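The following exercises concern burial, contacts and packing in one protein chain. Each task is followed by a solution in steps.

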Amino acid sequence: MRLAVTGDESVVGAIRATGATVVDPDEATSSDIVVAVGEEAVVDAALDSSAPVLPVDCGTPWSVPRRVLGDTVDSLLAGDIRAVDHPILSVGVGGDHVGRALFDVMLVTSEPARISEYAVAHRRRGEAVLNDHDENDHDENDRDVAADATAVSGEWRVADEFRADGVVVASPLGSSGYARAAGGSVVGVGAGLSVVPVSPYATRTDSWVFDPPLRLSVERDDAPVSLVVDDTVARPVAPHESVVVEVVETASLLVG
């Protein structure tokens, strides 16, 4: 089995000690497995390589701590590690493809201490999971959001509009990161995408889990807003431009 290491080659010795063959990082696209050390390396490998990716040292539930990498490779060689296909988010603005994300996509005001108004819409038949920060305080709007989740495929249904610093849509991998810190749910593979307002103006806010595709938009011309794809600013977004997030491909990650 041929393993390529990207991100930090200091782990090569621990891998070779298991008897595994380590190839040059330039051969990552043709290797059997890519060992990606750090989040940036994981993103690059997952988006650019067809080989399964073993995430290392990302400080997340889905990555392997560096200290146990040798034991993990032993398990890998023994066939005790399975590959799981994780969704890659495809992002388009006004019908034009803008980029891909492994973790999350966000609309956020470009200047600090500024807010705008955002809308979230969905159009796939399915069930939305409403995460209310106050479990004892539900109103008609909550029931409307749940009802919207059964919308006929092809018709956009607005889940909510809110004033906030921004809004983030996270994949299952990304749901344990920034989206969780913002108050969203951690979701499993196949459970949907986590949608969370960022620093909302209202004291009572909701977050959701929806099946893709999703549509985000800026509803007011209050402040400049940027589209951020996996921590990279992709482009500005004008009021009422449609930002569509969908899943059209997957990346194979190795988990214990």
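**Exercise 1.** Determine whether Val11 is buried or exposed, and identify its surroundings.

*Solution.* Val11 counts as buried because its relative accessibility is 2%; buried means under 20% relative accessible area, exposed over 50% and partly exposed in between (1.4 Å probe, protein chains only). The model is predicted: local features need pLDDT of at least 70, side-chain atom pairs count only at pLDDT 80 or more, and totals for chains, interfaces and linings use all residues. Residues are numbered from 1 along each chain as its sequence is written, and side-chain values use heavy atoms, with hydrogens and water left out.

Next, locate the residue: Val11 is in the loop between strand 1 and helix 1 (12–16). Helices (H or I, at least four residues) and strands (E, at least two) are DSSP runs, numbered from the N terminus.

Finally, list the contacts, meaning heavy atoms within 4.5 Å. Neighbours within four places in sequence aside, Val11 is in contact with Val5, Val37, Arg66 and Leu69. Leu69 is 58 residues from Val11 along the chain, yet their C-alpha atoms are separated by 8.1 Å.

**Exercise 2.** State which residues of helix 2 are buried and what covers them.

*Solution.* Helix 2 spans residues 39–48, and its buried residues are Ala41, Val42, Val43, Ala45, Ala46 and Leu47. Their cover includes strand 1 (2–6), strand 3 (33–37), strand 4 (53–56), strand 5 (82–93), strand 6 (96–101) and strand 16 (243–255).

**Exercise 3.** Identify the residues that touch the most other members of the largest nonpolar core.

*Solution.* A nonpolar core is a set of buried Ala, Val, Leu, Ile, Met, Phe, Trp, Tyr and Cys residues joined through side-chain atoms within 4.5 Å. The largest has 26 residues, and Leu107, Val167, Val195, Leu227 and Val243 touch the most other members. Strand 10 (residues 157–170) contributes the most to this core, with 5 residues. Apart from it lies another core of 21 residues, including Ala41 and Leu253.

Take Val167 as a case: beyond four places in sequence, its contacts include Leu107, Tyr118, Phe162 and Val195.

**Exercise 4.** Explain why Thr109 counts as buried.

*Solution.* Thr109 lies in strand 7 (residues 104–109). Thr109 has 10% relative accessibility, and therefore counts as buried. Among its contacts beyond four places in sequence are Arg114, Tyr118, Asp165 and Pro224.

**Exercise 5.** Give the share of buried residues in the protein chain.

*Solution.* Of the 256 residues in the protein chain, 50% are buried. The chain has 5 helices and 16 strands.
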